[in-house]
Amino acid sequence: MRADVRCSVGRYGAEGEPPPRPMWGLSARAAAAIRQVDRRCFWPRATETALSRYRAFLTSGRWPLYPQREDCPCDGCSLDDVRVARDVLEEVLCRLPPRERVELRRLVSPLDQRYLSLTPPDPFARNGSWWHQRLAAEDRGAS
């Protein structure tokens with residue numbers, strides 16, 4: 001499923017934008033490939049932001065966790081919905097070369113396992129990726 005985010009929002013090196021930082025202990029090759037996908041399809045540091053939001057959601061200390069919809073249309077705020085953040089990560093994983101995909105997958109897979117263990121399944125969800133088939137905050141009172 002394609003993330004509902006705009007493509008080619010910005011470029012690295014734009015006026016006032018800081019230079020890229022190293023990413024999460026990934027190889028320089030993987031970090032460069034991720035930045036290239038960010039530039040082509042999202043915005044600078046989209047993957048880094050999505051991964052940070054995904055981690056933050058999973059370490060909030062509450063259980064069970066319920067993803068919440070973010071109604072703000074801007075790119076950064078859309079990632080406050082952890083499902084959109086995971087959509088971005090999936091899109092990046094699909095676009096990376098195999099070796100770099102393995103490196104990023106190594107970071108995402110443990111988070112996916114935690115997401116599955118901390119979010120209740122939505123018995124009525126029929127469509128979408130598996131991370132969209134979890135009970136969301138807006139669905140809790142709908143029974």
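# Helix H5 and its surroundings

Helix H5 bends by about 35 degrees at arginine 106, and within four residues there follows a proline, proline 110; the bend at a residue is the angle between axes fitted to the seven residues ending there and the seven starting there. The model is a predicted one, in which local features need pLDDT of at least 70 and side-chain atom pairs count only at pLDDT 80 or more, while totals for chains, interfaces and linings use all residues. Residues are numbered from 1 along each chain as its sequence is written, and side-chain values use heavy atoms, with hydrogens and water left out.

## The helices

Helices here are DSSP runs (H or I, at least four residues) numbered from the N terminus, and the expected span of a helix is 1.5 Å times one less than its number of residues. The table sets out the spans of H1, H2 and H5.

| Helix | Number of residues | First to last C-alpha | Expected span |
|---|---|---|---|
| H1 | 14 residues | 20 Å | 20 Å |
| H2 | 13 residues | 18 Å | 18 Å |
| H5 | 21 residues | 29 Å | 30 Å |

Even with its bend at arginine 106, H5, which covers residues 98–118, has a span close to the expected one.

Which residues of H5 are buried? They are Glu100, Glu103, Leu104, Leu107, Val108, Leu111, Asp112, Tyr115 and Leu118, where buried means under 20% relative accessible area, exposed over 50% and partly exposed in between, with a 1.4 Å probe and protein chains only. These buried residues of H5 pack against helix H1 (28–41), helix H2 (46–58) and helix H4 (82–95), with contact meaning heavy atoms within 4.5 Å.

The buried residues of H2, among them Ala46, Thr47, Leu51, Tyr54 and Phe57, pack in turn against H1, H4 and H5. In H1 the buried residues include Ala30, Ile34, Arg35, Val37 and Cys41, and what covers the buried residues of H1 includes H2, H4 and H5.

## The nonpolar core

In soluble globular proteins, nonpolar side chains tend to be buried together. A nonpolar core is a set of buried Ala, Val, Leu, Ile, Met, Phe, Trp, Tyr and Cys residues joined through side-chain atoms within 4.5 Å. The largest such core in this model has 33 residues, of which Phe42, Tyr54, Val92 and Leu104 touch the most other members. The elements that give two or more residues to this core are H1, H2, H4 and H5, and its largest share, seven residues, comes from H4.

Leucine 104, one of those four residues, touches Leu26, Ile34, Thr47, Val92, Leu93 and Leu96 when residues up to four places away in sequence are not counted. Leucine 51, placed in helix H2, has a relative accessible area of 0% and is therefore buried. With residues up to four places away in sequence again left out, leucine 51 touches Trp24, Leu89, Leu107, Val108 and Leu111; its C-alpha atom and that of tryptophan 24, 27 residues apart along the chain, are separated by 9.7 Å.

## Aromatic pairs

A pair of aromatic rings is described by the distance of the centres and the angle of the planes. Rings of Phe, Tyr and Trp (its six-membered ring) pair if their centres lie within 6.5 Å, and planes under 30 degrees apart count as stacked, over 60 as edge-to-face and the rest as tilted.

A search of the whole structure finds five aromatic pairs. In one of them, the rings of tyrosine 54 and tyrosine 115 have centres 5.9 Å apart and planes at 50 degrees, so this pair is tilted. Because tyrosine 54 lies in helix H2 and tyrosine 115 in helix H5, the pair ties together parts that are 61 residues apart in sequence. Both of these tyrosines are buried.

Tryptophan 130 and tryptophan 131 form an edge-to-face pair, at 5.2 Å centre to centre and with 85 degrees between the planes. Tryptophan 130 is partly exposed, with a relative accessible area of 30%, whereas tryptophan 131, at 3%, counts as buried. Ring pairs link Tyr54, Phe57, Tyr115, Trp130 and Trp131 into a cluster.

Arginine 86 lies over the face of tryptophan 131, at 4.2 Å from the ring centre; a charge sits over a ring if NZ of Lys or CZ of Arg is within 6 Å of the ring centre and within 35 degrees of the ring normal.

## The loop between H1 and H2

Arginine 45 lies in the loop between H1 and H2. Although arginine 45 is not a glycine, it has a positive phi of about 65 degrees, and its relative accessible area of 17% makes it buried.
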